[in-house]
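Here are my notes on the model you sent over. Have the structure open while you go through them.

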Amino acid sequence: MTNVPTPPPIPSPIPPPPAQRATPTTKEYVPQPPPPRPSAPRQRAENEVLAVTNLSKWFGDVVAVSDISFGLGPGVTALLGPNGAGKSTTLRMIAGLEAPSQGTVEVFGADPRKDKDVRGRIGIVPQQESLFQEQRAIEFVALAGVLNGLMDTTGRAREVLDIVELDPDDMRPISSYSKGMRQRVKVAQALIHKPELLLLDEPLTGLDPRQRLHMTQLIRSLGESGVCVVVSSHVLDEVERLGSRVMVIAQGRLAAQGDFHEIRALMDDRPHRIRVRSSNARALGGVLLTGSGIAGLTVVDGESLIVDTDDAATFRASIAAVARAANIRLLEVQPLDDDLESVFKYLVGR
Amino acid sequence: MNTIVAMTRRIIPAVATRGRIIAMLVIGAAGIVIGVVLRRADATATDMTEFAALFGLTIFVPLVALVISTASLGSLVEDKTLVYFWLRPLGRWQISAASLLAGFAVLIPLILIPMGILGFVTGDADALQGILAGSLVGLIAYTSVFTMLGLFTQRALAWGLLYVLLWEGLVAGFSRSAGWLAIRTYTDGALSRVSGSAGSIVDPPQSATILIVTAAVAATCFLVTTWRLNTMTVD
C-alpha cells in the first residue's frame, strides 16, 4: 500500500509557546500547565490513525512534554530529538502507559488507556530491556500472541521471529541473549498480532550494522504496507535511512515537522559557529572579513578565532585556500555546534 | 480464560524462585520439628493446637503469603515486565485474577502441607481440621491483601512485615476492637470453630462472619488491584 498521508506544508517550525521547560529558580516555584493554544483546531486527515491534541506531561516541576499536537496516518514517522527531549514520554502516552497531564491521545478515535480493543491494534517496543528472562524467545513471543487473542500463536511466533532473523528453535533462555537479540525479540512480540499502529522506542539500539540495515528495511516495508509506524530516535542518520516524515522534539516541544530532507536543510541552513586555529588568528580574521558569508568573528587569542557563518559548507571548502593565499598556516577547523543538541536548540529558538 | 491461565503460568516462576521456596520450606520445617518435640514432651492436644495457632497462623501463614504474594505483581512492576501484560487487549481484572491465581497456586502447597503436617502431629483429628481451616482463611485473605500491596509500593515486603508484626501481632492482640480489623482474628476464629477448642482468642467470630469477612477482604483487594492497574503509570 502506498496510501501514506500527504504531509502538511513543510518544514514548519513550531513557534515556542510562552511556557518554556520549567527551570525552577526559587523554592516557591509552582509549575503552571501550558496555556491553552488559541489556534484553530487541527484538521484531521481521513485515514488518521493517531490524533494527539495539546498533549502535555509534567513530573513535579519538570515539564517533559509541552502542548504537542499532531495527527498521523499510515507510513513511517520519526520522533527525532536529543536524549531527554520527551520522545519516550510522548510514545508512552500514545501507547497509554502514561496518562497525559493535559491534552488527549486518540488511537482510532479511542483512548488507548481505556479501550482494550484499541490496545489490540497497537504494538510497542519499549525502551527498557526487561523481558521474561528465563523464557525462550518463542515462548515469550507466543505468549504475546495468546494475550492478543491469536489462535495459532506458535506458528505466528515462528513467523515473526523469522522476520527479525532470530532462530525460533533456539532453546536458550532470553537471559543469555545479546542486547541486539533482545531488541529483536521485543520487535517480534510487537509484530505478532499485525498491529496497525507500531510504536518503536529507539528500536535500532544494540543492533550491529547488518541488523540495523535489516531492521530499517523492515520498518520501511511496514510503513509502505499501511502500518502507522512511529519510531523515536536521537540519531539523525538513522532517521534519514528510514526515509520518513520527521517530527523534531526538543525540550518537550514539537520544534519542527516535515519531510526528512527539508528538516535536514533547515538544520544545515542555520548559522554555524566554527573555531579556526592558525599560525596568525588576527591576520586570518582580517582576510576572512573581506570575504562574504561571515556573520561574526571573534579573535580568541594569537592562534584561535571563532567564526559565525551562514554558509558553513562554503566556508569549510574555502578556508584552506584563503589561509594559503595569506601565507597563514591552518592548524585546525572545528565546528562548535554541529551536534544534534545545538541543532535542536536552534530549531526550538526559531 | 486462556489468557488468565497463560499469565498465571508466566507469573508463577517469577514468584516461586528457588530462594523463596527454600526459605519458606525451612521455616515450615522448623515449625514441624518444634511441634514434634513438643509432642514427644507429652504436650496435650490443646497445647499443640495453641502452638499451631501461635506459630502457624500468626507467623508462618502471613509470612509465607507476604513473601510470595507481594512478588506476584510486585516482581512484574520491579523488573518492568508488567508492560507485556498491560498493553494487551485484556481487561485489567484478568491481570488481577492471574496474579491472585499464581499466588494461590504457589501458596496452597507451601502453606497447607506444612500446616497439615503440624495438625497431624497434634494427634487430634478436630485440631487438624481446625488448623487447615484457619490456614485456608489466612491463605485467601493474606494473599489478596499482599498481592494488592505489591502493586502499590516497591517496599511491599517491609510494609507487609510491619503490618504482620505490629498490627496483627501486637495491636490486634491487645485491643478487642482492633482485633476485628485483623485477619488473625478470623484465622484463629476458624481454628476455634472447626476444632472446637478455645484457641488463642476469647469469643471467636461466628463461622458465617468468618466466611463473609474473608470473601469481603478478597473481593475488595481484587477490586482495588484492578482499579490500581487501570489508573497506574506502567514503566
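**Notes on chains A and B**

1. Starting with the packing around one helix of chain A: the cover over the buried residues of α5(A) includes β5, α3, α4 (153-163) and β6 (197-201) of chain A. Keep in mind throughout that this is a predicted model.

2. How much of α5(A) is buried? The helix is mostly covered, with 11 of its 13 residues buried. The buried set is Met181(A), Arg182(A), Gln183(A), Arg184(A), Val185(A), Lys186(A), Val187(A), Ala188(A), Gln189(A), Ala190(A) and Leu191(A). Charged side chains are on that list too, among them Arg182(A), Arg184(A) and Lys186(A).

3. The geometry of α5(A) checks out. Helix α5 (residues 179-191) of chain A has 13 residues, so at 1.5 Å a residue it should span 18 Å, and its end C-alpha atoms sit 19 Å apart, which agrees.

4. I ran through the same points for a helix of chain B. Helix α6 (residues 125-152) of chain B has 28 residues and an expected span of 40 Å at 1.5 Å a residue; the end C-alpha atoms are 41 Å apart, in agreement with that. Of those 28 residues, 23 are buried, so α6(B) is largely enclosed by the rest of the structure.

5. Now the contact between the chains. Chain A puts in 22 residues and chain B puts in 19 residues. Which elements of chain A give two or more residues to the side that touches chain B? They are α2 (116-119), β5 (122-125) and α3 (137-147). The most comes from α3(A), with four residues. By class, this side of chain A has 12 nonpolar, five polar and five charged residues. Note that β5 and α3 of chain A also appear in the cover over α5(A).

6. On domains, the assignment for chain A gives domain 1 (50-267) and domain 2 (270-349). Taken over C-alpha atoms, the centres of domain 1 and domain 2 of chain A are 40 Å apart.

7. Last, the strand pairing around β10(A). Strand β10 (residues 272-278) of chain A runs antiparallel to strand β12 (residues 304-309) of chain A, and six bridges join them. Arg273(A) has Asp308(A) as its bridge partner in β12(A). β10(A) also pairs in the antiparallel sense with strand β13 (residues 330-335) of chain A, over five bridges. There, Ile274(A) has Pro335(A) as its bridge partner in β13(A).

Definitions and conventions: Residues are numbered from 1 along each chain as its sequence is written. Chains are lettered from A and ligands numbered from 1 in the order in which they are written. This is a predicted model: local features need pLDDT of at least 70, side-chain atom pairs count only at pLDDT 80 or more; totals for chains, interfaces and linings use all residues. Two residues are in contact if their C-beta atoms, placed from the backbone, lie within 7 Å. Domain bounds come from an automatic or database domain assignment. Two strands pair if DSSP finds at least two bridges between them. The expected span of a helix is 1.5 Å times one less than its number of residues. A residue is buried if 20 or more other C-beta atoms lie within 10 Å of its own, exposed if 12 or fewer, and partly exposed in between; C-beta atoms are placed from the backbone.
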